[in-house]
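Morning, everyone. I have one structure to go through today, and I will keep it short.

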Amino acid sequence: MKLYLYIIITCFLFYSCGNISKKEAITVAIDLNQSEELNVSTSLAVKRCVLLDQSTAGSLLAVITNFYVQDTCYVFLSGGRMRMFNGKGEVLSGLPMQGRGPEEYNSIWTSWLSERLLYMFDMNSSKMFQYNFVTMSNTVLNLPQKREMSFQFLIPDKKGYVGKLVFGGASNTTPELGRFDDSLKFIKAIGPLKLSSGVKLAYSFAKHGKEILYWRPLENNIYAIDSSDSLKIKYTIDFGPNTFHITDNIKDDYDIIDGMNKKKEKYAGIIQNVYESDKILSFSFVHNTNLYAAIYNKKNAFVQTYKLIGNSPELKIASLCFKADRKLSAVTVDEKGTYKVHDIEL
């Protein structure tokens, strides 16, 4: 099982878990034997298929780091560059350009979407860009070169931002999560989670109501940060016999991946694309090199899982994102390098 081939992360985050109780956590039990196959090319659940402009998509989407859908726009981060397409697959202008100018980026480290605003963080030039989908305009925030606590990425809320922090150099001493004010000044650490070493690109925040969700892709917990900045485990994903159990001798993400790959069992994991509403919790995961979508119904605790496939083994599911209850978009690429976005309603 070559899980590492499907992790769109260039380097990894190592950490310790701290003491956070699972007492009130909701268990989301997934039975992979009950999964349905969903053919993104032929299923009636696919409501629209958009062919992306190949003159741009071919060079852009070799490795998709982040993928978003906002209104009728498809937005990609790949290779440190941002690209945006409309509902017809045509390239849209408006996002910041790559370059050396004061309103240009060197390389986008990561990006995130929140409340019709697209945030783009250029760590190399200490800039944060914000694209407004309503006004179709950009703003640029120049950050101090030296900061008390550096962040990898952020999510905004009414008090400022919650951030994923950068490893400080000493094992198990750097907080993993922190509170920043509106000017991006570090205020305090949030929760007991600590970094051990390293960084990664995967964005792992989502928002529901007054809560901010946070997850570590190679673990099976989804955390919640409330309005008082308290951290708890809100959900635990249970893959049954396909769960990889993290023991005391596991020191970092490399140990997790090595453990998965050395065993004969086909473990499930790499939780990403978390979305929550009042009715459901959705996320994606990988099992046996296949990408799955899971939908947890809060009312009856029923979980539906879908194995995403194409018409042929050569058609790959490159990325996906959940955009509303039971609505997701999947990106496919075929052997000719043709990219399409499939809008699906489950």
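I will start with how far to trust the model, then go through the overall make-up, one sheet, and a few single residues.

First, this is a predicted model. The protein chain has an average pLDDT of 85, and 87% of the residues reach at least 70. The weak part to keep in mind is residues 1–17, where the pLDDT is below 50. In the model that stretch still makes 68 contacts beyond near neighbours in sequence, so please read those contacts with the low score in mind, pLDDT being the predictor's confidence in each residue.

Now the make-up. The protein chain contains 28 strands and two helices. Of its 346 residues, 52% are buried. Its accessible surface is about 16100 Å², and carbon and sulfur atoms contribute 49% of that. If you take the contacts with a separation of 6 or more, 51% of them link residues 24 or more positions apart.

Next, the sheet. Which strands make it up, and in what order? There are five, running β3-β25-β24-β23-β22, in an open sheet with mixed pairing. As a reminder, strands of a sheet pair through backbone hydrogen bonds, either parallel or antiparallel. The edges are β3, residues 36–39, and β22, residues 268–276. Each of these two has a single partner strand, so one side of each has no neighbour in the sheet. On average, neighbouring strands here are turned by 30° against each other, ignoring direction.

Staying at the β22 edge, the partner is β23, residues 280–287. The two run antiparallel and are joined by five bridges. For a specific pair to look at, Y275 has S282 in β23 as its bridge partner.

On to cysteines. How many disulfides does a search of the whole structure find? Zero. Two cysteines I looked at are C73 and C321. C73 has 14% relative accessibility and C321 has a relative accessible area of 7%. Both count as buried because the cut-off is under 20%.

Last, a proline. P217 sits in the loop between β19, residues 211–215, and β20, residues 221–225. Is P217 buried or exposed? It is buried, with a relative accessible area of 4%. Along the chain, P217 and S204 are 13 residues apart, and their C-alpha atoms are separated by 7.7 Å.

That is what I have; questions are welcome.

How values were computed:
Residues numbered from 1 in each chain as written. Predicted model: local features only at pLDDT ≥ 70, side-chain atom pairs only at ≥ 80, totals over all residues. Heavy atoms only, no water. pLDDT = per-residue confidence, 0-100. Contact = heavy atoms within 4.5 Å. Pairing = 2+ DSSP bridges. Helix = DSSP H or I, 4+ residues; strand = E, 2+ residues; numbered from the N terminus. Axes fitted to C-alpha atoms, helices over the stretch in contact; angles between N-to-C directions. Buried < 20%, exposed > 50% of the residue type's maximum accessible area, 1.4 Å probe, protein only. Areas by Shrake-Rupley, 256 points an atom, 1.4 Å probe, with all protein chains shown as cover. Disulfide = S-S within 2.5 Å.
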